Amino acid sequence: MTFTEQLRQENDDVFQKIFTHPFVDGIGRGDVPKDSIIHYVKADFEYLNAFMKIYALSMVKAKSRDDIRFFFDQIGFVLNDEVHPHHNFCDYVGVEYEALQSSSLPPTADHYIKHMMHHAQTGTIAEIYAALLPCPWTYLEIGQELLKTYKPTKSHPFYEWITFYADEEVERITLELRHRLDQEAQDVSQEQKQLIKEAFRKSCELEWKFWEMAYICETWPSEQEASRI
Ligand SMILES: Cc1ncc(CN)c(N)n1
């Protein structure tokens, strides 16, 4: 068993929780509360901005030109391609994409970004790969699960979203990231391996929390107080 196969197995509990989350299942059923979608796109626009910056920060730790190419290509993918699933959500709620940009981060999104930033700034390249990997991996499997369960046709409101993440390009990115982590994890100490495992698990947990954050429209306590006044 490879190291990332082991990570997948050890975190299957969280993956299963993600697949059955009401927001995720709602994408499959074609029925998600519009407020939750708006909350998601606002936070995810900022999350993906941060994700690109983390790739850029990680480039400083590149060991070869091939590593540099990898980080560069991933920034291009997020910048040019990952806008499509956001557009699908915006079309569903009938809101312009531009209207959902430049929002402040809800607590969970803030936490997730700072978790990845922490590893990008203080960790090894293996730790960074581990903190970043649940992002493409959970979405790839969500897409595949929803495709298998709901068999959406082009008339499904989230056909574009589901087929985008179930696509072979997301699979290729996930496999490349896994391969890189498997290589890097080969000769590390037990202490470093533990750090890598913790970085991966925390990102899986935060993936689940991100869906929950969007579903319940999570805000900071002071924002809740302000809306009661
Ligand atoms: C929070 C989150 N995680 C993962 C993905 C898929 N790249 C995303 N768009 N947003």
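# An all-helix chain, one question at a time

Mentor: Let's start with contacts: in this chain, 81% of the contacts with a separation of 6 or more are between residues 24 or more positions apart. Keep in mind that this is a predicted model.

Trainee: What makes two residues count as being in contact?

Mentor: Their C-beta atoms, placed from the backbone, have to lie within 7 Å. Take Ala130: leaving out residues up to four places away in sequence, Ala130 touches Leu181, Ile196, Ala199 and Phe200.

Trainee: Which elements does the chain have, helices or strands?

Mentor: The chain has 13 helices and zero strands. Read from the N terminus, the order is α-α-α-α-α-α-α-α-α-α-α-α-α.

Trainee: How do you know whether the radius of gyration agrees with a compact globule?

Mentor: Set the two values side by side. A compact globule of 229 residues would have a radius of gyration near 17 Å, and the chain has 18 Å, so the two agree. Along the principal axes, the C-alpha atoms fill a box of roughly 50 × 45 × 30 Å.

Trainee: What share of the residues counts as buried?

Mentor: Of the 229 residues, 37% do. Leu206, in helix 12, lets us work through the rule.

Trainee: Why is Leu206 called buried?

Mentor: Buried requires 20 or more other C-beta atoms within 10 Å. Leu206 has 21 C-beta neighbours inside that distance, so Leu206 counts as buried. Apart from neighbours within four places in sequence, Leu206 is in contact with Thr108, His111, Tyr112 and His115.

Trainee: How far is Leu206 from His179 in space?

Mentor: Their C-alpha atoms are separated by 23 Å, with the two positions 27 residues apart along the chain.

Trainee: Which residues touch the most other members of the largest nonpolar core?

Mentor: Ala130 and Leu132, in a core of 57 residues. Helix 12 supplies the largest share of this core, eleven residues.

Trainee: What about Thr149 in helix 9: why is Thr149 called exposed?

Mentor: The cut-off for exposed is 12 or fewer C-beta atoms within 10 Å. Thr149 has 12 C-beta neighbours, so Thr149 counts as exposed. The C-alpha atoms of Thr149 and Gly28 are 7.8 Å apart, although 121 residues separate them along the chain.

Trainee: And what makes Arg172, in helix 11, partly exposed?

Mentor: Partly exposed is the class in between the other two. Arg172 has 13 other C-beta atoms within 10 Å, so Arg172 falls there. Arg172 and Pro136 are 36 residues apart in sequence and 9.9 Å apart in space, C-alpha to C-alpha.

Trainee: Where does Trp220 lie, and why does Trp220 count as partly exposed?

Mentor: Trp220 lies in the loop between helix 12 and helix 13. Trp220 has 13 C-beta neighbours inside 10 Å, so partly exposed is the right class. Across a stretch of 115 residues along the chain, the C-alpha atoms of Trp220 and Leu105 are separated by 9.2 Å.

Trainee: Now the backbone: what makes the phi of Ser102 worth a look?

Mentor: Most residues other than glycine have a negative phi. Ser102 has a positive phi of about 65° although it is not a glycine. Ser102 sits in the loop between helix 6 and helix 7. With 10 C-beta neighbours inside 10 Å, Ser102 counts as exposed.

Trainee: What is the phi of Cys217?

Mentor: Cys217 has a positive phi of about 55°, and Cys217 is not a glycine. Cys217 is in the loop between helix 12 and helix 13. Its 13 C-beta neighbours inside 10 Å make Cys217 partly exposed.

Trainee: Which residues are around the ligand?

Mentor: Asp44, Tyr47, Leu48, Cys135, Pro136, Tyr139, Glu207 and Phe210. Helix 4, helix 9 and helix 12 are the elements that give two or more residues to this shell.

Trainee: How do the residues of the shell divide into nonpolar, polar and charged?

Mentor: Six are nonpolar, none polar and two charged. Asp and Glu count as charged, and the shell includes Asp44 and Glu207.

Trainee: Which residues does UniProt list for "domain: Thiaminase-2/PQQC"?

Mentor: The unreviewed UniProt entry lists residues 13-215. Over residues 13-215 the chain is 78% helix and 0% strand, with the end C-alpha atoms 20 Å apart.

Conventions. Residues numbered from 1 in each chain as written. Predicted model: local features only at pLDDT ≥ 70, side-chain atom pairs only at ≥ 80, totals over all residues. Near = placed C-beta within 6 Å. Helix = DSSP H or I, 4+ residues; strand = E, 2+ residues; numbered from the N terminus. Rg over C-alpha atoms; globule rule 2.2 N^0.38 Å. Core = buried A, V, L, I, M, F, W, Y, C linked by C-beta atoms within 7 Å. UniProt positions renumbered as here; feature names shortened; annotations may be inferred.
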